[in-house]
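Me: I would be grateful for a close look at a single part of this structure, followed outward into its surroundings. Please treat the matter in one connected account.

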Amino acid sequence: MESIKFLMSLIDTLHMGFYLKENNLTEEDYQYLDDCKQRVREQGIETAGMIEFKGKYWKMTSAKKIYRYVLYNDDLTVKIARKLSNGIYPEVFVEFRSRLLLGGLKDAYSIAREWIEKWAVIASEKVSRADITADFQGVININPECVVTRGRNNECHYAEYRNGQNITGYSYGSHNMLLRTYDKTLEIEKKRKQYIKDLWIQKGWDRETHVWRVESQLGRDILKQFQVETLQDLIDHAPDIWRYLTTKWFTVREKSKIDATRSRWAISEMWKIVQDSFKSLGELSGIVREKIRHVRLGNLMPQVAGLVTSCMALLQREKIDVTELMRLIVRNYRKKGKTIEQVIEEKMQGYALFEESYEGAI
């Protein structure tokens, strides 16, 4: 079996609930959010565009269950309950997107918490889901006949994923503790997450070999067993959690020809590398957000080119000089009571919570 090379480890997904002592949103704030919700219902999410709320730019989607308002952008989804629950449920629930977390777990958390504290007093917090991951250069092959796990049969399910004849991933476990291994290179091509490659290169990726990810999805029940309540608890316990998952809960063995007892088989050399990767948890270096913007600009360019050339064709048909295009755009926004500079500034802020290049670390 070919050897794999460890590249990096990180927290890839984070869901947190914030319990409030005070909620300082006013009736005017709620009316504004209700009006925005109504506009989304009438016009649709894309047509309604982004809204500004407490200094950040968001889209809105349908509220779910106890959360009357659901705001989201490229970095976060924030769910807000209107009434205080007195500790029954978190009044603010935040889902951090992987792209934001790539820049540094603590940085992402600080920005989200500081935004909430503009309009509320936080009493406590609780991590409800965390995905601890590690990326490796090379293919991670898992033969189910060589797996030893502590997961109970009625709670764990094995699945294998393919692209044609090629295996692209495996998963094992349940929603509370799920271990996935999959070809991350294929996944980022489909989802246009090209910026992750910059981190891989920093960590020694050869730019050609496929990168596979080992990912543990941990639900609230499991996190509670590891005494994880706050973000700092997660940071402190992440290496021990990873070590338990890969050395006790799930292991891949080398099949023995002389011993039929699977649990006595030696750990495979490949899985030893996975086990050892916990040592680097906490050493993730930040990614420059300008790299992310560059990728997005590339994705937008076909749309921009199509719109601009269509406008130019119409202008030429009407025998209007193409240099008039910008003047027409300015006039369009002037009718809406805005300057083009204001519109550009709003859209810049709307892309993400982090607006400057930065470095961060878990």
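Reply: Two strands are taken to pair if DSSP finds at least two bridges between them. In this predicted model, strand β7 (residues 120-137) and strand β12 pair in the antiparallel sense over nine bridges. Strand β12, which spans residues 211-219, is the part examined here.

One contact point with β7 can be named: F136 stands opposite W212 in β12. Strand β12 also pairs with strand β11 (residues 177-183), and these two run antiparallel, joined by seven bridges. Within that pairing, R180 has E215 of β12 as its bridge partner.

The burial of β12 follows the whole strand: nine of its nine residues are buried. In a regular strand the side chains alternate between the two faces of the sheet. Here both faces are covered. One side carries V211, R213, E215, Q217 and G219, the other W212, V214, S216 and L218, and all of these are buried. The residues already named as bridge partners thus fall on opposite sides, W212 on one and E215 on the other.

The neighbouring strand β7 covers residues 120-137. A salt bridge is formed by D131 and R129, whose closest N and O atoms are 2.8 Å apart. D131 counts as buried because its relative accessibility is 2%, under the 20% limit. R129, with a relative accessible area of 22%, is partly exposed. Elsewhere, salt bridges with shared partners join E27, D34, R68 and R82 into one network.

The total number of salt bridges in the model is 20. Another of them links K54 and D29, with 3.3 Å from N to O. K54 lies in the loop between β2 (51-53) and β3 (56-61), whereas D29 belongs to helix α1 (residues 27-43), so the pair ties together parts that are 25 residues apart in sequence. K54 is partly exposed at 28% relative accessible area, while D29 is buried at 15%. A further salt bridge joins K79 to E95, again with closest N and O atoms 3.3 Å apart. Its members sit in distant parts of the chain, K79 in strand β5 (residues 76-80) and E95 in strand β6 (residues 92-96), 16 residues apart. K79 counts as buried at 17% relative accessibility.

The nonpolar interior completes the surroundings. The largest nonpolar core has 70 residues, of which L14, L71, F96, I116, F250 and W271 touch the most other members. Helix α8 (residues 231-249) gives the most to this core, with eight residues. Leaving aside residues up to four places away in sequence, L71 touches several residues, including L33, I51, F53, W58, M60, V78, I80 and W115. Apart from this core lies another, of 11 residues, among them M8, I188, L199 and W205.

Two of the residues just named, W115 and I116, are buried residues of helix α4, together with L105, A108, Y109 and A112. Seen down the axis of α4, the buried residues fall within an arc of 135°, so they line one face of the helix. This helix (residues 105-116) has 12 residues and reaches 17 Å from its first C-alpha to its last, close to the 16 Å expected at 1.5 Å a residue.

Technical notes:
Residues are numbered from 1 along each chain as its sequence is written. This is a predicted model: local features need pLDDT of at least 70, side-chain atom pairs count only at pLDDT 80 or more; totals for chains, interfaces and linings use all residues. Side-chain values use heavy atoms; hydrogens and water are left out. Buried means under 20% relative accessible area, exposed over 50%, partly exposed in between (1.4 Å probe, protein chains only). Helices (H or I, at least four residues) and strands (E, at least two) are DSSP runs, numbered from the N terminus. A salt bridge is a side-chain nitrogen of Lys or Arg within 4 Å of a carboxyl oxygen of Asp or Glu. The expected span of a helix is 1.5 Å times one less than its number of residues. The arc is that of the directions from the helix axis to the C-beta atoms. A nonpolar core is a set of buried Ala, Val, Leu, Ile, Met, Phe, Trp, Tyr and Cys residues joined through side-chain atoms within 4.5 Å. Contact means heavy atoms within 4.5 Å.
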